[in-house]
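Let's take a walk through this model together, starting at the surface and working inward. Keep the viewer open as you read.

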Amino acid sequence: MPIAFFLAILLGTALLALPISRAGPGGAPFLTALFTATSAVCVTGLIVVDTATYWSGFGQAVILVLFQIGGFGIMSGATLLGLLVSRRLRLATRLVAQAETRGLALGDITAILRLVLLVTVVVEVAIATILALRLHVTYGEPWPDAIWHGVFQAVSAFNNAGFVTYSDSLTGFALDPVILLPIMLGVVLGGIGMPVLHDLRREPWVPGRWSLHTKLTLLGTALLLPAGMLATLAYEWSNPDTLGALPPAGRLLGGAFHSVMARSGGFNAVDIGQMETETLAITYGLMLIGGGSAGTAGGIKVGTFMILGLIVWAEVRGERDSIAFNRRICPTAQRQAVTIALLAVGMVGTATLAMVTLTKMPLRDAVFETISAFATVGLSTGVTRDLPPAAQSLVVFLMFVGRVGTITVATALALSHRQNPYRYPEERPIVG
């Protein structure tokens, strides 16, 4: 998977560097083309030039194709890697996995790819139709422009790409639920993960037959989205530079929109750079958690976060096992969750230090930019375009590692699991 993403980035860089891809004279500089291609393939959305004015129609089409390939590849690739892992497990574990996933773990690869393609096409076409009609009827855009903008934003939303064909992102539609709500829905559906959608398709009205992964992902999403919305409203309600400038209904819509986008969507309807420090701190956490596994969202994933919470809850209660929905979380999954979380925190901390060293920007902006890149979110406080070449290269590295690294590490940890024929004597070190 990393090699495929790397080759796609190289091809995208070459295409974006062509003079035909740029609206102005000459081709784009190599670093600009590389940054944009990486952001598109890794479905991040961070930009160093204005997508609407810097790139020509051909260049914007290349960007759309790149994040469509990136999003489809992430969903199908991550799901197939999950299949590979399940096939490498012992027979007893495979039978349990088959029962838990209702056939997904041992299913037909062609059927899974067909499901990914079907969901992608249906959701993107539906959202594009709504957006195009709204842009033409309400905003008076000519049909060709309305269709193009509708398709671009719909594909970008479902793939959690964060790219927009408007210079001000979606701030011009901050009060329009007909534009924002479909985009929010696309971000959630794309980021929730294919295993969850597979479960919901097979047993939509029977939660008792959903896999534990689906239950944890949906519960985590149901908790985090309202929590993010309420926290955003609490700190931004009276901020005249963000939600405070909107009527009450617009503030509620804006708070919900920001909560969804912080989970990896990357769109913004208000100026992120003007938000309160407390709101940015909350957004740090939402971005780092991200969305569901085998979806287009980034971060350490909701399932990982929920497992960490269950570990803490069991320890606080003095229980030996971490239990959710009458199921024990296996020790292997617990260790993998802790490993992924610690590696992510270590990467973000190291990269933040490097970002501050390279740019001398305020710490709050450096942390935000670093997490946004690593979690492939795409939100920014407005500093991305002013980054020096060295810092841009760092962001490119973070986007690539954040996109393919978590999937690769999780798969490697699962495949490397083995049981030694011996155990060392146990000794308990001091904790705390």
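How much area does the chain expose, and what share of it do carbon and sulfur atoms supply? The chain exposes about 19500 Å², with carbon and sulfur atoms supplying 67% of it (Shrake-Rupley method, 1.4 Å probe). Please keep in mind that this is a predicted model, in which local features need pLDDT of at least 70 and side-chain atom pairs count only at pLDDT 80 or more, while totals for chains, interfaces and linings use all residues. Residues are numbered from 1 along each chain as its sequence is written, and side-chain values use heavy atoms, with hydrogens and water left out.

The chain has 16 helices and 2 strands (DSSP runs numbered from the N terminus: H or I of at least four residues for helices, E of at least two for strands). Of its 432 residues, 54% are buried, meaning under 20% relative accessible area with a 1.4 Å probe, protein chains only.

For a look at one buried site, go to helix α7 (residues 143–158), where F152 sits. F152 has a relative accessible area of 0%. Leaving aside residues up to four places away in sequence, F152 touches T51, Q60, I63, L64, F67, F163, V164 and T165 (contact: heavy atoms within 4.5 Å). The C-alpha atoms of F152 and V65 are separated by 9.7 Å, although these residues lie 87 apart along the chain.

Finally, where does α8 (177–191) meet empty space? Together with α10 (212–236) and α11 (248–265), α8 is among the helices that each supply at least two residues of the lining of the largest cavity.

Methods
Buried means under 20% relative accessible area, exposed over 50%, partly exposed in between (1.4 Å probe, protein chains only).
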